[in-house]
Amino acid sequence: MKNTKILFLISVVLIFGINLLSDYINSYYYQIIIYAGINIILATSLNLINGYAGQFSLGHAGFMAIGAYLSASISTYFAPSLLSIFGDAVIGKAIWFILVLFIGGVGASIVGVIVGVPSLRLKGDYLAITTLGFGEIIRVVIQNLDIIGASQGFRGIYVYDNGVKSLEMIPELSGITYKFYSIPQYTDFFWAFLVVAIIIFSITNLIRSTYGRGFIAVKDDEIAAEAMGINTTKFKVTAFVLGAFFAGVAGGLYSHFVQYINPEDFNFLRSIEIVVMVILGGMGSTIGVVFAAIILTILPELLRDVQQYRMIIYALLIIIMMLVRPQGLFGIKLQKKKKITPEQPPKATLKD
Amino acid sequence: MLRVENLTVNYGAINALKGITINVPEKSIITLIGANGAGKTTTLRAISSVVKSAGGSRIYYEDKDITNLPPHKIVEMGLCQVPEGRLIFANLTVKENLDMGAYLRKDKQNLKNDLDFIFNIFPRLKERIKQPGGTLSGGEQQMLAISRALMSKPKLLLLDEPSLGIAPILVRTIFEKIVEINKSLGTTILLVEQNAHFALSVANFGYVLETGNIILEGPAKELEANPEVRKAYLGEA
């Protein structure tokens, strides 16, 4: 436990140090590095749900979308008041950013509770379908919410001096001065990888604790876990909500980096991408999932020249992986239970 | 200690238990024998509330009505089930499995003693302490499942077919240990078995279950001597 704490502090210092060098990094590479960080957060948080707790969720992009939109709209709609409270200095920005990321995460986890409590009664395929449907619902709702740009996407708002807030310039108000508040670009190497360090640290510690073993117990055998007095529903919902929280934070990091979000950024394919990272890395292996997230962020960039074949290569990669290493890149081989068949029932009964 | 009255369980349209009544006095070993599909496992699952019992059923534990309480509440009261087919946590080590058994314990400082007690009964588990549960042999897994349940300090232990799929030589050992647990810890045991011979040899009282009904009951020795039981369950012609 102590070791991981020291490791965590060292990595925070390292992240801070590397961040100072970020001006020297080619902006294209820089962007890929940030995306990798965000993907690591998404994949490790999904790994808690899919890998450790064994509940197959296909709606992670939905939680990400909630975090992205919630944090972005607070950062823009409330920009004037946030500016007056926190000012323009580095510290003020940091508090502001932490605040909106947190709200985004909490928003996503509240929805996680609402979706999780009824749907986690389902198992396997049924749960996957429910969560898939949920992810799509989120996307479609956003697509129809004019206040955050609907299908046009969202990049910021115009605030007129007479108090009118609008997504687009209003011709009737042409005489009045206005200011455009775009989604601020707060996400940098430091913030993205600070969250990466936090999530890896907290998940590692959680899984090593007796409480965290409960997640694995629920995955290994629900009936046995129940017989041991573990409240399985509570554990499943907890994993789901924690995963949703970090997905929401990842969404906030994403929107505060690209400064333009569109409902299509969070579609079904996005969820699949995250699931693929988890499977490729090895369900229930944080280190493997981190590597898979990095590889699957870089790979499409390397394949840019043949981008239309990307999905084919993706699919092939997964098929080969499943054949060669079903436990994933770093996954430990999961122990299968031996199938036990009861002996043949006695033929005779008392009624004979 | 445990009174089951008129227990009825339905799986959809299938009537698995048709109103059975069982009485388990304190510190006794009570067995429930019967063929496949008689409803033995269902009885245990209904007691620990993993399956819901139908209206009219009543389960009293230490004079408290526990019918359809959430499973974890029932475990908290000191009633612990060892599920059929050695449902251990395959990806957790032996030690971690045992820790999960003590999950609800408040007196964590006594765990060491209980571990020692368990390793004393099942020395084999101590040798395998760091191994994942899934790599153990069938008999060892059953030992682990029983030990895990003991870690919760149950007053009443529900054992579901401990002999299932275990090498015959180990079956005897397991049953000897069950008696030892009952004697030295004073744990009351409700034992469900297909292996009527062994079950009746260790129990004080037995019930014979057939397609959801109790068709015979009596002291274990009498049941063992009963010609019908001998014919149906003990392989006599």
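Is A:Gln55 buried or exposed? That was my opening lookup, in what is a predicted model. A:Gln55 comes out buried, at 6% relative accessibility.

**A:Gln55.** I checked where this residue sits: the loop of chain A that runs between α2 (27-52) and α3 (60-77). Next I went after its polar partner. The A:Gln55 side chain gets to the backbone oxygen of A:Ala53, at 3.1 Å. Then I pulled its contacts, skipping neighbours within four places in sequence. Leucines turn up there, namely A:Leu120, A:Leu122 and A:Leu127. I also noted A:Ile49, A:Asn50, A:Val218, A:Glu222 and A:Lys236 as contacts of A:Gln55.

**A:Asn19.** I moved on to helix α1 of chain A, residues 2-20, which holds A:Asn19. Its relative accessible area is 14%, and the cut-off for buried is under 20%, so I filed A:Asn19 as buried. With neighbours up to four places away in sequence left out, A:Asn19 still contacts A:Tyr30, and also A:Asp188, A:Phe189 and A:Phe190.

**A:Glu273.** Last stop was helix α11 of chain A, residues 268-281, where I found A:Glu273. I got 18% for its relative accessible area; that is under the 20% limit, so A:Glu273 goes down as buried too. Beyond residues up to four places away in sequence, A:Glu273 touches A:Arg310 and A:Tyr314. I also looked up a C-alpha to C-alpha distance here: A:Glu273 and A:Ala43 are 9.0 Å apart in space, with their positions 230 residues apart in sequence.

Technical notes. Residues are numbered from 1 along each chain as its sequence is written. Chains are lettered from A and ligands numbered from 1 in the order in which they are written. This is a predicted model: local features need pLDDT of at least 70, side-chain atom pairs count only at pLDDT 80 or more; totals for chains, interfaces and linings use all residues. Side-chain values use heavy atoms; hydrogens and water are left out. Helices (H or I, at least four residues) and strands (E, at least two) are DSSP runs, numbered from the N terminus. Buried means under 20% relative accessible area, exposed over 50%, partly exposed in between (1.4 Å probe, protein chains only). Contact means heavy atoms within 4.5 Å. A polar contact is a pair of N or O atoms within 3.5 Å; within protein, one must be able to donate a hydrogen and the other to accept it, and residues adjacent in sequence count only if both atoms are side-chain atoms.
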